[in-house]
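Subject: Structure handover

Hi,

Here is the structure I promised to pass on. Please open it first, then read my notes below.

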Amino acid sequence: MVEQGAHGYWAILVSFFVALVLAVMPLPLWLAWGRPEWVAVVLIYWVIALPHRVGMVTGLLLGVMLDILEGAVLGQNAFALAVVAALSMTLYQRLRVFSLGQQAGVVFVLVGINQMICQWVQNLQGAGATTLLFLLPAFSSALLWPFVLHILRGARRHYRVS
């Protein structure tokens, strides 16, 4: 029984590690604008699936790691991901019963909020985008939600994460 809990813990950590790697993986400029917000999407999944294990503190820690990896202002992603985790925790019971399309719509909104918070901090620095293209990752994240959901749900069931 202890071994199953340990496997569950590592499955969550590995999924977050993979999301962090995908978040900073070099891409061509034309593709980088539409890079999904991997960390936010994986965080949303784990908050919906296991709100008693993954929450705002996890979002805050992941955000600090992402700030360090991206070289962003310390706290920009931390604040944004903590807000996303808080909103996901508020909605998790409803999200579980939503259809896949409705879930993707909510993921679009949550990742869009994440993007707007980051854009707001970048505007305070004078480095923000001048168009709404900064919301493109919210769209690509919503499109990839069914795949992420399927993969992470399979990992959660395989490793009996609870």
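**Helix H6 and its surroundings**

H6 and H7 are oblique to each other, because their crossing angle falls outside the ranges for roughly parallel, roughly perpendicular and roughly antiparallel. Please keep in mind that this is a predicted model. The axes of H6 and H7 (residues 136-158) cross at roughly 135 degrees. They come within 8 Å. H6 passes H7 in a right-handed crossing.

H5 is the next partner to look at. The axes of H5 and H6 come within 9 Å, with a crossing angle of roughly 160 degrees. That makes H5 roughly antiparallel to H6, since angles over 145 degrees count as such. This crossing, too, is right-handed.

Now H6 itself. Does its length add up, and what should 26 residues span? At 1.5 Å a residue, the expected figure is 38 Å. The C-alpha atoms at the two ends of H6 (residues 100-125) are 37 Å apart, which agrees. Directly after H6 comes Gly126. The phi of Gly126 is positive, near 85 degrees.

**The largest pocket**

The largest pocket holds about 690 Å³ of space. Several helices give two or more residues to its lining: H1 (2-24), H3 (38-49), H4 (56-70), H5 (76-97) and H6.

Which helix gives the most to the lining of the largest pocket? H6 does, with six residues.

In total, 28 residues line this pocket. Nearest its centre lie Ala32, Glu37, Glu70, Gln115 and Gln122. By type, the lining divides as follows:

- nonpolar: 16 residues
- polar: nine residues
- charged: three residues

If you look at one element to start with, take H6: it crosses H7, it crosses H5, and it gives the most to the lining of the largest pocket.

Best wishes

Technical notes:
Residues are numbered from 1 along each chain as its sequence is written. This is a predicted model: local features need pLDDT of at least 70, side-chain atom pairs count only at pLDDT 80 or more; totals for chains, interfaces and linings use all residues. Side-chain values use heavy atoms; hydrogens and water are left out. Helices (H or I, at least four residues) and strands (E, at least two) are DSSP runs, numbered from the N terminus. The expected span of a helix is 1.5 Å times one less than its number of residues. On a 1 Å grid over the protein atoms alone, a cavity is a set of points where a 1.4 Å probe fits but cannot get out, and a pocket is an open set with protein on both sides within 12 Å along at least five of seven lines; lining residues have an atom within 4 Å of a point. Grid points are joined across faces, edges and corners, and a volume is the space filled by probe spheres set on the points. Ala, Val, Leu, Ile, Met, Phe, Trp, Tyr, Cys and Pro count as nonpolar, Asp, Glu, Lys and Arg as charged, and the others, Gly among them, as polar. Axes are lines fitted to C-alpha atoms, for helices over the stretch in contact, and angles run from 0 to 180 degrees between N-to-C directions. Angles under 35 degrees count as roughly parallel, over 145 as roughly antiparallel, 65 to 115 as roughly perpendicular and the rest as oblique. A crossing is left-handed if the near helix is turned anticlockwise from the far one by less than a right angle, and right-handed if clockwise.
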